[in-house]
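Grab a pencil and work through a few exercises on salt bridges and burial. Each one comes with a solution that goes step by step.

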Amino acid sequence: MVSHLRMVLLGFLVLVVGISSGAYGAISNGITKKIERINKRGPYLGIVVPNSFERDPLLQSPSFVADDHFPHLDFSGKRFRIGELGNKKLNAGITTQLLLSLFKVEGVLHYGIAGNANPDLQIGDVTIPQYWAHTGLWNWQRYGDGPTDELALESSGDYTRKIGYLEFSDYNNVSKNGKPVANFLNNVWYQPEEIFPVYGTPEVRQHAFWVPVDKHYFTVAEKLENLKLGSCVNTNCLPRTPIAVRVKRGASANVFVDNSAYRSFLNTKFNVTPIDMESAAVALICLQQKTPFIAIRSLSDLAGGGSALSNEAGIFSSLAAQNAVDAVVRFISLLS
């Protein structure tokens with residue numbers, strides 16, 4: 001079963017088995033020596049960010065101090081920045097698998113902005129979910145089949161009806177005798193991802209849907225709830241001061257969700273708050289590698305609209321990104 005996680009776009013499929021050199025090595029001797037010298041100063045807390053828009057506020061923070069000897073390392077088209085934040089050693093990179101393969105990393109912190117599926121929260125709030133799922137792996141059911149009909153390849157263990165489904169006829173604009181008419185798009189069933197844990201039996205797959213964050217990290221995150229966060233962009237201010245809050249679940253898919261009906265479905269079906277495109281991919285890699293993980297996501301808009309605030313993401317994305325960074329800096333200081 002081939003997964004189409006956001007990891008494909010981020011380059012997570014570049015798997016490095018080990019740091020090797022010589023005629024058949026994927027890493028040059030020069031890079032290998034630099035990595036060895038960097039790792040001698042570890043272990044590090046790895047920080048994974050989606051893009052430069054969300055990364056730059058952290059690098060520009062006065063709390064971040066680049067390493068004097070190795071401010072960054074370029075490898076396989078990625079730049080890994082090394083420094084300290086609140087006296088905690090960091091190794092910030094885009095690619096989680098490369099990060100864990102090359103460097104001595106004790107845990108991974110992922111942060112950024114996200115769409116909001118929970119109408120009880122607002123733009124600028126910082127969310128820390130306890131569980132993440134990749135909700136972009138589907139089994140799209142044949143028209144005419146229903147919830148009790150077996151899915152294609154279900155008997156071989158590739159697909160399942162345990163997680164639940166989205167029925168398109170629930171969102172039809174027309175009905176007959178007060179009930180939605182059949183929709184040719186039928187049902188989409190949500191599927192778990194395949195994982196191959198490093199300490200598992202080789203080539204024996206496991207399945208994962210709700211991936212928990214690290215228990216200790218999640219406990220520490222509770223102390224963020226009194227964090228003071230920004231609420232204004234120029235003269236545009238939010239109705240209340242944003243808060244940092246732990247929530248039950250977040251969801252990722254390689255889909256940008258700007259649809260209120262689907263937002264409502266994710267919230268009511270799965271109890272999801274933040275919706276993004278990367279966190280679940282990072283969570284799944286960390287699960288496979290048995291590495292502690294947590295994600296901190298600031299809400300930039302109510303996905304699909306409906307908020308009293310106009311042009312939500314366009315106005316408040318920069319504020320949301322800064323609030324996420326402020327929460328990250330505080331979280332790392334608490335870890336220290």
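A salt bridge here is a side-chain nitrogen of Lys or Arg within 4 Å of a carboxyl oxygen of Asp or Glu. Keep in mind that the model is predicted.

**Exercise 1.** Work out whether E222 and R246 qualify as a salt bridge, and say where the two residues sit.

*Solution.*
- Start with the distance: the closest N and O atoms of E222 and R246 are 3.5 Å apart. The cut-off is 4 Å, so the pair counts as a salt bridge.
- Next, place the partners. E222 is in the loop between α5 (215-221) and β16 (232-233), while R246 belongs to strand β18 (residues 244-252). The pair therefore ties together parts 24 residues apart in sequence.
- Finally, check accessibility. E222 comes out at 40% and R246 at 25%. Partly exposed covers the range between 20% and 50%, so that label fits E222 and also R246.

**Exercise 2.** Take the salt bridge between R41 and D67 and decide for each partner: buried or partly exposed?

*Solution.*
- The R41 and D67 side chains meet at 3.3 Å, N to O.
- This pair links distant parts of the chain, 26 residues apart: R41 is in the loop between α2 (29-39) and β1 (44-48), and D67 in the loop between β2 (64-66) and β3 (72-75).
- Buried means under 20% relative accessible area. D67, at 13%, is therefore buried. R41 has 34%, so R41 is partly exposed.

**Exercise 3.** Which residues are linked with E54 in a network of salt bridges?

*Solution.*
- Begin with one pair: the side chains of E54 and R297 form a salt bridge at 3.8 Å, N to O.
- E54 sits in helix α3 (residues 52-59) and R297 in strand β20 (residues 293-302), with their positions 243 residues apart in the chain.
- Both partners are buried: E54 has a relative accessible area of 3%, and R297 has 0%.
- Now widen the view: E54 and R297 are joined by D276 and E278 in the network.
- For context, a search of the whole structure turns up eleven salt bridges.

**Exercise 4.** Describe the surroundings of T273: what is T273 in contact with, beyond its neighbours within four places in sequence?

*Solution.*
- Locate T273 first: strand β19 (residues 272-276).
- Then look at accessibility. T273 is at 3%, so T273 counts as buried.
- Leaving aside those sequence neighbours, the contacts of T273 are G115, N116, A117, N118, L121, T127, V247 and R249.

Conventions: Residues numbered from 1 in each chain as written. Predicted model: local features only at pLDDT ≥ 70, side-chain atom pairs only at ≥ 80, totals over all residues. Heavy atoms only, no water. Helix = DSSP H or I, 4+ residues; strand = E, 2+ residues; numbered from the N terminus. Buried < 20%, exposed > 50% of the residue type's maximum accessible area, 1.4 Å probe, protein only. Contact = heavy atoms within 4.5 Å.
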